[in-house]
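Trainee: I should like to go through this model with the definitions at hand. May I ask for the reasoning behind each term?

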Amino acid sequence: MVPLPLALPFAALEVGQHLYWQVGNVKIHGQIFLSSWVVIGALLTFVVLGSRKLDRDPRGLQNLLEYLWGYIRDIARDYIGEKAYRDWLPFIGTLFLFIFVSNWGGALIPWKLIHLPSGELGAPTADINTTIALALLVSLAYFYAGLSRKGFRYFEYYVEPTPIMLPFKIVEDFTKPLSLSFRLFGNILADELVVAVLAFLVPLIVPLPVMFLGLFTSAIQALIFATLAAYYIGEAVHESHH
Amino acid sequence: MTSWLLLAAAGEPAGGLFDLDATLPLMAVQVVLLTFILNALFFRPVGRVVEEREGYITTSRAEAKQKLAQAQRLEADLKQQLRDARQQAQKLILAAEEETDLLYRQALAEALADANASREQARREIDSQRETALGQIRSDADQLGMLIVNRLLAAS
């Protein structure tokens, strides 16, 4: 914790502080799980409320759910392709919704009102563990998608169009999760930091435009993550025409 | 501001920005679970409803198109029938008019012929009666002449 000259209750900077929970003989970041449970709880509440009475004539929240479903389906269908997108729609959709609700929850829920002994609550996606977990899931997903759909022919992808591509494609398998995780982590953390620094310097009004910008970039990051995940899966299941 | 950077770089056991620990796998498990829950609660049911509706709309539209085509066919058919009926009626009217005209002419001609015939007959009758009457008168005159002659001859 940086010792701040003016310890305002809503404008203190804490970075890299975690609330550690001991589970068995490993440590986990408690604040990340707390906020992710709030986020998941909100998401599930919304989904359960909206899908209680699904009808052919949609009313109320069902409209919003159907809009979201259509939006996610369009992403999945555009990038994965007509044949395989149904299997991966829930995964892409969960990534999008979880990241989106996490990012917006981090910005919109007044976490500061809840005081933790160490660390602070915030967007779960502002922690590198979460973003790496999501990115590794995407890596597993596209490997699984390619192998389950094409078997070992999946590895032909590495030498197409020419075997010269082999090293680049192998490097890509490492850069994909790296870029995915660091892009999300960096954007969300930077957004939170900028808002925190501005709120620390000028507590009133001035941080508002940056907060709106943050909401915008948060939404964009969720879209980018979901779109790239869909693209990687689509690339893995794509049948090249010989 | 530098102290937290140092904190992250120093890799102090408790803390840091890049502090990887068991949060990572647990979060992954949590997200996978969330995927299955959301699939059961959201993606599958909502997808079913949306796709059912899309199917319903497609079939309804196809049915409506079919019905429209049928209605148009019927309309054309009926129009054709109407046109035929009109033409038929027109033809009938023309035929009837011609027929009445013909009948009228025939009746007129007959009546004229009748009238001519009866006039002719009447004239002939008058002529013959006049002939007979003239013959009668002539014979009567002859007789009277003879009588007068005879009387005169007898008297003298």
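Mentor: What follows takes the confidence scores, the interface and one helix in turn.

Mentor: This is a predicted model in which local features need pLDDT of at least 70, side-chain atom pairs count only at pLDDT 80 or more, and totals for chains, interfaces and linings use all residues. Residues are numbered from 1 along each chain as its sequence is written, chains are lettered from A and ligands numbered from 1 in the order in which they are written, and side-chain values use heavy atoms, with hydrogens and water left out.

Trainee: How do you know what confidence the predictor gives to chain A and chain B?

Mentor: The score is pLDDT, the predictor's confidence in each residue, from 0 to 100. Its mean is 85 for chain A, where 93% of the residues reach 70 or more; chain B averages 87, with 90% at 70 or above. The model as a whole scores ipTM 0.85 and pTM 0.75.

Trainee: Which residues of chain A and chain B have a pLDDT that stays under 50?

Mentor: Those are residues 1–8 of chain A and residues 1–13 of chain B. Where pLDDT is low, the predicted coordinates should not be read in detail.

Trainee: What makes residues of chain B count as being in contact with chain A?

Mentor: Contact means heavy atoms within 4.5 Å. By that rule, 39 residues of chain B are in contact with 54 residues of chain A.

Trainee: What area do chain B and chain A bury between them?

Mentor: Buried area is the accessible area (1.4 Å probe) that two parts lose on being put together, summed over both. For this pair the value is about 4,000 Å², 75% of it on carbon and sulfur atoms. On the chain B side, Met27(B), Phe42(B) and Phe43(B) lose the most area to chain A, together 15% of what that side buries.

Trainee: Why is the pair Glu66(A) and Arg53(B) called a salt bridge?

Mentor: The term requires a side-chain nitrogen of Lys or Arg within 4 Å of a carboxyl oxygen of Asp or Glu. Glu66(A) and Arg53(B) meet at 2.8 Å, N to O, so the pair satisfies the rule. Across the interface the rule finds three salt bridges.

Trainee: How do you know that the span of α4(A) is close to the expected one?

Mentor: Helices (H or I, at least four residues) and strands (E, at least two) are DSSP runs, numbered from the N terminus. The expected span is 1.5 Å times one less than the number of residues. Helix α4(A), residues 128–150, has 23 residues and reaches 33 Å from its first C-alpha to its last, close to the 33 Å expected. Just after α4(A), Gly151(A) takes a positive phi of about 65°.

Trainee: How many helices and strands does chain A have?

Mentor: Chain A has six helices and two strands, in the order β-β-α-α-α-α-α-α along the sequence.
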